[in-house]
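Q: Please walk me through how to read strands, sheets and helices in a model like this one.

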Amino acid sequence: MDRLQAMNVFAKVIQAGSFSKAAKLLNVGQPAISKTVAQLEQYLGVSLLTRSTHGLNPTDAGQRYYERVARVLEDTEEAESQARGIGRGLEGRLRVAAPTTFGRIQIIPRLGAFLESNPRLDIDIQLDDRRIDLVSEGIDICLRVGTLTDSSVIARKLATGRRSIIATPRYLEKAPALRAPEDFAHHTGIFYSQSSSARFALRRGEEAETIMLKSRLCLSAAEGIRSAVLADLGLTVAADWMFGPELDDGRAVRCLPEWELEPVDLWALFPGGKMTTAKARAFAEFTADIMKNYVMPRSSVLACR
């Protein structure tokens, strides 16, 4: 039995939650996974997993063993990278998950420099707006916008960005005048939810206003919201980075920009129960650097919150 390989197989079983999912991640047959774990248990003289109709769970001994194994595997990967030469950059495959619109607009157009700096690194990017199970899907780093609800992952805040009420100049030309917060009552909103209206808090220095935006159009994805706004169908509330190119070239504008909304956070999520890889950390730094153009000054963040 190759002990290091067996440790890797066992770690994948714990992370994936089943033999079949681990087999898929490792691109081997399920019988080979079961056999390796059985050999490892025989070698150690303890039961590492409890098997039931609901799936697999580590025993107490299995959990303690896994925590050490995860560190060993991470240290091994780091040692191999250093042995091959620090100047060669990152190696292997990095699996990234990101919201569809954010990835398309902000990440993919800038990937060239990151790939050029790491010629031996392959990147698999999954663009998806759904909540992803990092462990079962083998994701190394997941980019997520908004409030976090999953306590099982390791999270790092990459940026706190400005949100704005955004529309096109053409929509504003044909819509009712927009000179003060109360004027939003006469405008058409475009949102995610199925509700007919949405309430937002605005601040300007010490002043505070609450506005209600009526919605005639609701969509299930950010791509749809962008398309609707850019088709002059109404205005929306969004992070500035969602309309970055259009705000830069004037195809979209901020409505009443002197009024501020609650900002939005961008997070990097890493699988819980394992050490973060150097590849994932480097990609997080790469993303944080991209978002520097959208980060709000600390004083503005504190004022909004």
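Q: How many bridges join strand β7 (residues 163–167) to β12, and in which sense do the two run?
A: Strands of a sheet pair through backbone hydrogen bonds, either parallel or antiparallel. Here β7 and β12 run antiparallel, joined by two bridges; two strands pair if DSSP finds at least two bridges between them. Ile166 has Arg254 of β12 standing opposite. Strands (E, at least two residues) and helices (H or I, at least four) are DSSP runs, numbered from the N terminus. This is a predicted model in which local features need pLDDT of at least 70 and side-chain atom pairs count only at pLDDT 80 or more, while totals for chains, interfaces and linings use all residues. Residues are numbered from 1 along each chain as its sequence is written, and side-chain values use heavy atoms, with hydrogens and water left out.

Q: Which strands stand at the edges of that sheet?
A: Look for strands with a single partner. The open sheet has three strands in the order β11-β7-β12, with antiparallel pairing. β11 (236–239) and β12 (253–254) are at the edges with one partner strand each, so each has one side without a neighbour in the sheet.

Q: What is the strand order in the sheet of five strands?
A: Read it from one edge to the other: β4-β3-β5-β13-β6, an open sheet with mixed pairing. The edge strands, β4 (120–127) and β6 (154–161), each pair on one side only. From one strand to the next, the twist averages 20°. Eight bridges link β3 (residues 91–98) with β4 in the parallel sense, and Glu91 is opposite Arg120 of β4. On the other hand, β13 runs antiparallel to β5, with four bridges, and antiparallel to β6, with seven. Arg144 stands opposite Trp267 in β13, while Ala159 has Leu266 of β13 as its bridge partner.

Q: Is β13 mostly covered or uncovered?
A: Check the accessibility of each residue: buried means under 20% relative accessible area, exposed over 50%, and partly exposed in between (1.4 Å probe, protein chains only). By that rule, seven of the seven residues of β13 are buried. Val264, Leu266, Ala268 and Phe270 point one way, whereas Asp265, Trp267 and Leu269 point the other way.

Q: Why does the length of helix α10 agree with expectation?
A: The expected span is 1.5 Å times one less than the number of residues. For the 13 residues of α10 (278–290) that gives 18 Å, and the end C-alpha atoms lie 19 Å apart, which agrees. Buried residues in α10 include Phe283, Phe286 and Ile290. Ala288 also lies in this helix and counts as buried because its relative accessibility is 14%. Beyond its neighbours within four places in sequence, Ala288 is in contact (heavy atoms within 4.5 Å) with Arg156 and Leu158.

Q: At what angle do the axes of α5 (residues 100–107) and α10 cross?
A: Axes are lines fitted to C-alpha atoms, for helices over the stretch in contact, with angles from 0 to 180 degrees between N-to-C directions. These two axes come within 11 Å and cross at roughly 75°. Angles under 35 degrees count as roughly parallel, over 145 as roughly antiparallel, 65 to 115 as roughly perpendicular and the rest as oblique; α5 and α10 are therefore roughly perpendicular. Phe102, Gln106 and Ile107 of α5 meet Phe283, Phe286, Thr287 and Ile290 of α10.
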